[in-house]
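Student: I would like to learn how to read helices, buried residues and internal spaces in a model. Could you take me through them one feature at a time?

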Amino acid sequence: MGLLRRIGAAGLLTAVAVLVSVASLSLVIADQPPGENSAEAGFARDMSAHHAQAVEMAQIVQENTDDPEVTNLATDITLTQQSQIGRMQGWLSLWGLPLSGSGERMAWMGSEMDGRMPGMASSEKLNELRNAEGEEAERLFLQLMIPHHEAAIPMAEAVMERSDKRTVTELAQAIIASQRAEIQTMRDMLEQRGGDPPPQNGPMEDMEMDGDAQSATGYAGLA
């Protein structure tokens with residue numbers, strides 16, 4: 001009986017040691033920084049670029065209107081998205097990765113796309129916004145920013161499906177919540193100014209995504 005107890009105790013200790021080793025290895029893997037081609041790096045780079053244009057449009061309309069409601073919205077977009085750009089670029093620096101990647105935009109989502117990312121305004125539209133004033137500038141800003149916000153949501157949803165990094169998924173969730181709220185606000189503001197609303201989810205219609213990306217974004221069947 002003494003021998004059996006010793007064997008049993010040894011077996012228990014061995015099992016515990018194995019479990020501790022597995023747990024330790026899991027922590028090491030979880031703490032490893034994302035790689036160059038990871039979803040986290042792709043998201044940080046693409047969302048930073050996407051946000052940068054939103055900030056640009058917000059700053060343009062602030063110069064072209066005196067409307068306090070539009071000005072306040074533009075200020076909020078500028079401050080929020082500049083802060084988020086700083087966080088994402090900080091991640092890339094912490095991970096030892098360059099701010100720009102060599103691959104195509106949104107490749108981490110399994111998408112095939114040409115030209116601008118979904119929701120991004122063309123240079124012609126940006127120039128049109130620069131040259132507009134007053135209510136015309138307000139309407140154009142809202143018509144451009146609504147699809148811009150709508151296109152950011154599937155990117156945030158996609159990285160939540162692909163990442164186990166809490167800091168990344170928490171920011172993605174914050175982006176989804178804030179931009180959904182602002183989309184509705186902007187649609188109401190556009191209606192008040194007599195502008196034609198852009199079609200819902202329009203920015204994603206030209207994208208070709210793999211099955212995982214379609215499932216993550218909720219835009220399956222649109223490609």
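Tutor: What follows is a walk through several features of this structure, which is a predicted model.

Student: Let us begin with helix length: how many residues does α2 have, and what distance does it reach from its first C-alpha to its last?

Tutor: The general idea is to set the end-to-end distance beside the span expected at 1.5 Å a residue. Helix α2, residues 39-64, has 26 residues and reaches 37 Å between its first and last C-alpha atoms, which is close to the expected 38 Å. As for its surroundings, 21 of those 26 residues are buried, so α2 is largely enclosed by the rest of the structure.

Student: What span should helix α3 have at 1.5 Å a residue?

Tutor: For the 27 residues of α3, which runs over residues 68-94, the expected span is 39 Å, and the end C-alpha atoms are 39 Å apart, which agrees.

Student: Which residues of α3 are buried, and what covers them?

Tutor: The buried residues of α3 are V70, L73, A74, I77, T78, Q81, Q84, I85, M88, W91 and L92. Their cover includes α2, α5 (134-162) and α6.

Student: What is found at the start of α3, and which residue follows the helix?

Tutor: At the start of α3, a side-chain oxygen of D67 comes to within 2.9 Å of the backbone nitrogen of E69. At the other end, α3 is followed by G96, which has a positive phi, near 75 degrees.

Student: Turning to loops, is S38 buried or exposed?

Tutor: The general idea is to compare the relative accessible area with a cut-off, and buried means under 20%. S38, in the loop between α1 (2-31) and α2, has a relative accessible area of 14% and is therefore buried. A polar atom of the S38 side chain lies 2.8 Å from the backbone oxygen of G35.

Student: And is D66 buried or exposed?

Tutor: D66, in the loop between α2 and α3, has a relative accessible area of 77% and is exposed. Its C-alpha is 9.7 Å from that of E138, although D66 and E138 are 72 residues apart in sequence.

Student: Where is L190 found, and which residues is it in contact with beyond its neighbours in sequence?

Tutor: L190 is found in helix α6, residues 166-192, and counts as buried because its relative accessibility is 0%. Leaving aside neighbours within four places in sequence, L190 is in contact with R139, L142, Q143, I146, G195, D196, P197 and P198. One of these, L142, is 48 residues from L190 in sequence, yet the two C-alpha atoms are 6.3 Å apart in space.

Student: How many cavities of 30 Å³ or more does the structure hold, and what lines the largest?

Tutor: The structure holds 1 cavity of 30 Å³ or more. The largest cavity has about 50 Å³ of space, and its lining is made up of H51, I77, T80, Q81, Q84, I175, S178, Q179 and E182. The elements that give two or more residues to this lining are α3 and α6. By class, the lining has 2 nonpolar, 6 polar and 1 charged residues.

Student: How much space lies in the second largest pocket, and which residues are closest to its centre?

Tutor: The second largest pocket has about 260 Å³ of space. Of the 14 residues that line it, G42, R45, G101, G103 and E104 are the closest to its centre. By class, the lining of this pocket has 3 nonpolar, 6 polar and 5 charged residues.

Definitions and conventions. Residues are numbered from 1 along each chain as its sequence is written. This is a predicted model: local features need pLDDT of at least 70, side-chain atom pairs count only at pLDDT 80 or more; totals for chains, interfaces and linings use all residues. Side-chain values use heavy atoms; hydrogens and water are left out. Helices (H or I, at least four residues) and strands (E, at least two) are DSSP runs, numbered from the N terminus. The expected span of a helix is 1.5 Å times one less than its number of residues. Buried means under 20% relative accessible area, exposed over 50%, partly exposed in between (1.4 Å probe, protein chains only). On a 1 Å grid over the protein atoms alone, a cavity is a set of points where a 1.4 Å probe fits but cannot get out, and a pocket is an open set with protein on both sides within 12 Å along at least five of seven lines; lining residues have an atom within 4 Å of a point. Grid points are joined across faces, edges and corners, and a volume is the space filled by probe spheres set on the points. Ala, Val, Leu, Ile, Met, Phe, Trp, Tyr, Cys and Pro count as nonpolar, Asp, Glu, Lys and Arg as charged, and the others, Gly among them, as polar. Contact means heavy atoms within 4.5 Å. A polar contact is a pair of N or O atoms within 3.5 Å; within protein, one must be able to donate a hydrogen and the other to accept it, and residues adjacent in sequence count only if both atoms are side-chain atoms.
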